[in-house]
Amino acid sequence: MVTEKIKSIISELQQLHYKSMYLNDFLLTWEKSDDEVQATFRVAEILRALRQKNISSRVFDSGLGVSLFRDQSTRTRFSFASACNLLGLAVQDLDEGKSQVAHGETVRETANMISFMADVIGIRDDMYIGKGNTFMREVAQAVNEGYLEKVLEQRPTLINLQCDIDHPTQTMADMLHLINYFGGVENLKDKKLAMTWAYSPSYGKPLSVPQGVIGLMTRFGMEVALAHPAGYGVMPEVEEVARGNAAGSGGSFFITSSMAEAFEGAHIVYPKSWAPYAAMEKRTELFGGGDSDGIKALEQELLAHNAQHKDWECTQKLMSTTHKGSALYMHCLPADITDVSCEEGEVEASVFDRYRVPLYMEASYKPYIIASMILLSKVEDPADTLNQLLVSGAARIPK
Amino acid sequence: MVTEKIKSIISELQQLHYKSMYLNDFLLTWEKSDDEVQATFRVAEILRALRQKNISSRVFDSGLGVSLFRDQSTRTRFSFASACNLLGLAVQDLDEGKSQVAHGETVRETANMISFMADVIGIRDDMYIGKGNTFMREVAQAVNEGYLEKVLEQRPTLINLQCDIDHPTQTMADMLHLINYFGGVENLKDKKLAMTWAYSPSYGKPLSVPQGVIGLMTRFGMEVALAHPAGYGVMPEVEEVARGNAAGSGGSFFITSSMAEAFEGAHIVYPKSWAPYAAMEKRTELFGGGDSDGIKALEQELLAHNAQHKDWECTQKLMSTTHKGSALYMHCLPADITDVSCEEGEVEASVFDRYRVPLYMEASYKPYIIASMILLSKVEDPADTLNQLLVSGAARIPK
Amino acid sequence: MVTEKIKSIISELQQLHYKSMYLNDFLLTWEKSDDEVQATFRVAEILRALRQKNISSRVFDSGLGVSLFRDQSTRTRFSFASACNLLGLAVQDLDEGKSQVAHGETVRETANMISFMADVIGIRDDMYIGKGNTFMREVAQAVNEGYLEKVLEQRPTLINLQCDIDHPTQTMADMLHLINYFGGVENLKDKKLAMTWAYSPSYGKPLSVPQGVIGLMTRFGMEVALAHPAGYGVMPEVEEVARGNAAGSGGSFFITSSMAEAFEGAHIVYPKSWAPYAAMEKRTELFGGGDSDGIKALEQELLAHNAQHKDWECTQKLMSTTHKGSALYMHCLPADITDVSCEEGEVEASVFDRYRVPLYMEASYKPYIIASMILLSKVEDPADTLNQLLVSGAARIPK
């Protein structure tokens, strides 16, 4: 991308209203205004363009990004580490196994103890309905108080790296991929996106991706279909968000129990397994009561349920029913690929293989989205800072 | 803090004699002169003020801080990481589980192998009486020899992040908190500090905090009381240190078996559980002999002993007997809070809650104390370096 | 080392042909030309000299070094972290236990997902014959495709931190040690080096060190002897490499089943345990078939075999048969030292102790060798970059 193009994106950024992102958190996309969402995309694109031109975007002289992963992760972990590094922050992992968090320490206490020099805290906590996002807000409130009480020199920003409700770093990366794939956000108007359930031999996958997708993609005038078998519904409040967004953006949102109906004429398909909301609520209750036998029984029950819907697979045949037979296939990865990673899964290998490069491209936006979220929350005048990076043009690697 | 104030602290620093801290370790506070202790406080305060003013204190262009934790840790781990980051060092953890240390490698060998580019090594080894501090000295000697033998380009500095004898990064942070809370070290003269044992349902907490407190706080003219039930004595040699310090500083030091006597009229109280010294010595012997049944039996015996002293709790009633009923409550955290983290513990929830902000403030000094120890041991002319940081005024985050 | 000396090494570097190292990997030393091997030594020496003079060699403004260790490691892990830090890269560990790699994700996918901002990937994978080096090449190919597909902004360089075939960071460090110990590569001509098997009570040590040593040390005109008991042969293709190298360099290579013959008149001895190649191949097959009972039986069989060769020990008596009774003793560490780390091992304590300083010096080259490999693969004009570092002379630590 040429310098003039970067300058013009910086100019676009300057037209947007996003001041309230400064010193604020990023927990749910629907808490952000349209301008704030757009600012996040602009900054991500500028950061990517700077890197492509080997221009340093190290805006922090020093500082820490703290990560707390309560679930396994490769790509989100590396994306967070990459984003921190791109901006000049060092990552410090809060490994609860190695810490004293378990010894009856309160969230408020831990949050302050890890934040004396933290600029950002990224949390992944997606295992229990009603818990993850709540925990993030407790941490945010604790460090806010710590800052007001002058215990902390700075208030670290919270970034949701996946919770029980939303997965904003994933869906914002997905959306930026769509914008670039279709050549501009204006080209997404009236495009049909099918967010559909798909069969997986594993159990209990989080709902945050389908919820995050319907909560975000409905803001751009698209026709968004959510498809799942009966009983696999997502959180009703997020469906409400999607309906409201669609009404506001001139798009539409509907729910169907037919994968075929969702795929029919779709420009974009996102077939992915998730666990039923109601079952996940029950699991949280059982967990709260320490009922591990109950959890095991529920797991067996859910696997049996899943097995009734093995026909929910993204096949070549289904793909041929999409717009011109060539809808863009999306996934947050890793996918359960039939005959590759499992016997029967979410997608046929031939479909997955054909979309391998766009899938990797989709994932490649995540570090830039996270870096954008950090920069917008920590730097007082992002457009000015980005412009200075461009003008100074310091090389990241000597050439 | 205004720039003039920082300049004046740098001037005070220039008056102190602390040259022998350069290229030296920080293992026990009582091995440091009064001027060296004061220099550590001054540098910590300057670093904190620079950060508050968003001025970079990144003095290392590159370099490694190696950490070795032989016990769980959240706050000390994050404090060490924060201190390293503040100065420009990257942290590399020596995780003995992932390493080959167990395979009969000697301390001398490991110490050299991890130090080829290490500027500082922070060690926490507080589990066995007679072991932790000895291990740190073995490492210090090994890297000293490695440096003299030209195997190492630099001699890494050792920092005691808690051993069997002392916990200098904790107690120095505690002391800096006292200095600021009471408005200057001169106001501590004749203040009464009660370092008292308190009941906890857990077993075998290290002695390093009470020992470190009586070994440091007796140097400032305070009246220091050490209170514990019969049989819960600390290392006799540290009691000797405390007696000598008190004599030299015009303060006093006494031991009592009455919590009430220690609290009576105290300006500062530090109630905390620890294990009896004699029992910890026995435990080290049993461990050395591989007698795991003996260790289990000892553990039960100690828990039974502890249970006889549940009345050693920091209650509101006891607090009302302190100076004006409002002594400063201190703790290294996490505390065992009655009805919060345990049924019966070290402190009543109402007392703990009232002191939450000062407790967090107390903890907040630790990263700066560690950074100060590193800077004083690695930079040849700290006052000049700090002055240059202030004058150049490079922003840590762009504003 | 004086500045003039550094300048002269930079001049020597400029005479060498090593352009194809740029954007390339370092997987086997015998894939590199003589000039490329020499360039690696030159850059390592320059980096060491800069550090000794407290001159920063931080060439990366930001960037990630990803490490993947599939086997325990202390010194290689720290060497990689040190090398990255020396050049300005942050390390991000790919801990497969914490990641989703096991969930049927492909190597191609994982390789791309961790590489969005990776400049270098260091891999240790030495457990299974036929697997480690193959895995590295799969990763290299995957990121190459990712770069060509524009998924990745840069193509990360692969560095072999030990595989089933070679251990280039170890043997290059070994060789640089020899060059400095004997006062120049020209003095190695006709020196005799004995790479010999030695008894160890443990089982299944990798073959990569003996293979790497005979594959590299035969390039410098030395007389290289490989000695091992019958049945403990290494990979035939590496023996071929050694034969070819010896022919090309005017040196020699021979295999003997007598430790005494190898030691006789040797200037350098490298006694070390390894597992028989044929047995390791069988183990890989058993592992592939999931035959854990078979693996256990093989282990017992191999330990029994080993025990028949306890006389393969580097004793003082054997050392006295070497050139002037004072051959240089080498080891990659940690060594199995008789009566120290085991009852009967690879080397007598008196021999090991006498060579402790040279052994540590040998190890000390590894971080510089790794940093050299990274710099030569990532910086377009290394000689110019190094010269600029020297001229600017930025201090690593303020003095």
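**Exercise 1. Relating chain C to chain A**

Determine which turn and which shift lay chain C on chain A in this predicted model.

*Solution.*
Step 1. Two copies of a chain are related by a rotation about an axis and a shift along it.
Step 2. For chain C and chain A, the turn is 120° and the shift along the axis is 0.0 Å, with an RMSD of 0.0 Å.
Step 3. This is the relation of a three-fold axis.
Step 4. The residue of chain C whose C-alpha is nearest the axis is Ala90(C), at 4.4 Å.

**Exercise 2. The surfaces used by chains C and A**

Explain why the copies are said to meet through different surfaces.

*Solution.*
Step 1. Consider the interface residues of chain C and ask what percentage of them are also interface residues in chain A; the value is only 3%.
Step 2. Because this share is only 3%, the copies meet through different surfaces.

**Exercise 3. The side of chain C that touches chain A**

Describe the contact between chain C and chain A by residue number, by element and by residue class.

*Solution.*
Step 1. The contact joins 30 residues of chain C to 32 residues of chain A.
Step 2. In chain C, β2 (90-93) and α4 (107-113) each supply at least two residues of the side that touches chain A.
Step 3. The largest share comes from α4(C), with four residues.
Step 4. By class, this side of chain C holds 11 nonpolar, 11 polar and eight charged residues.

**Exercise 4. Relating chain C to chain B**

State the operation that lays chain C on chain B, and how far the contact residues recur.

*Solution.*
Step 1. A turn of 120° with a shift of 0.0 Å along the axis lays chain C on chain B, with an RMSD of 0.0 Å.
Step 2. Of the contact residues of chain C, 3% recur in chain B, and the copies use different surfaces.

**Exercise 5. The two domains of chain A**

Identify the domains of chain A and characterise the side of domain 1 that touches domain 2.

*Solution.*
Step 1. Domain 1 of chain A comprises 3-166 + 366-392, and domain 2 comprises 170-363.
Step 2. Taken over C-alpha atoms, the centres of these two domains of chain A are separated by 26 Å.
Step 3. In chain A, 19 residues of domain 1 are in contact with 22 residues of domain 2.
Step 4. On the domain 1 side, α2 (34-52), β4 (157-163) and α15 (366-378) of chain A each supply at least two residues.
Step 5. Of the elements, α2(A) gives the most, with four residues.
Step 6. The residues of this side of domain 1 of chain A divide into eight nonpolar, four polar and seven charged.

Technical notes:
Residues are numbered from 1 along each chain as its sequence is written. Chains are lettered from A and ligands numbered from 1 in the order in which they are written. This is a predicted model: local features need pLDDT of at least 70, side-chain atom pairs count only at pLDDT 80 or more; totals for chains, interfaces and linings use all residues. Copies are superposed by least squares on the C-alpha atoms of residues with pLDDT of at least 70 in both. Two residues are in contact if their C-beta atoms, placed from the backbone, lie within 7 Å. Domain bounds come from an automatic or database domain assignment. Ala, Val, Leu, Ile, Met, Phe, Trp, Tyr, Cys and Pro count as nonpolar, Asp, Glu, Lys and Arg as charged, and the others, Gly among them, as polar.
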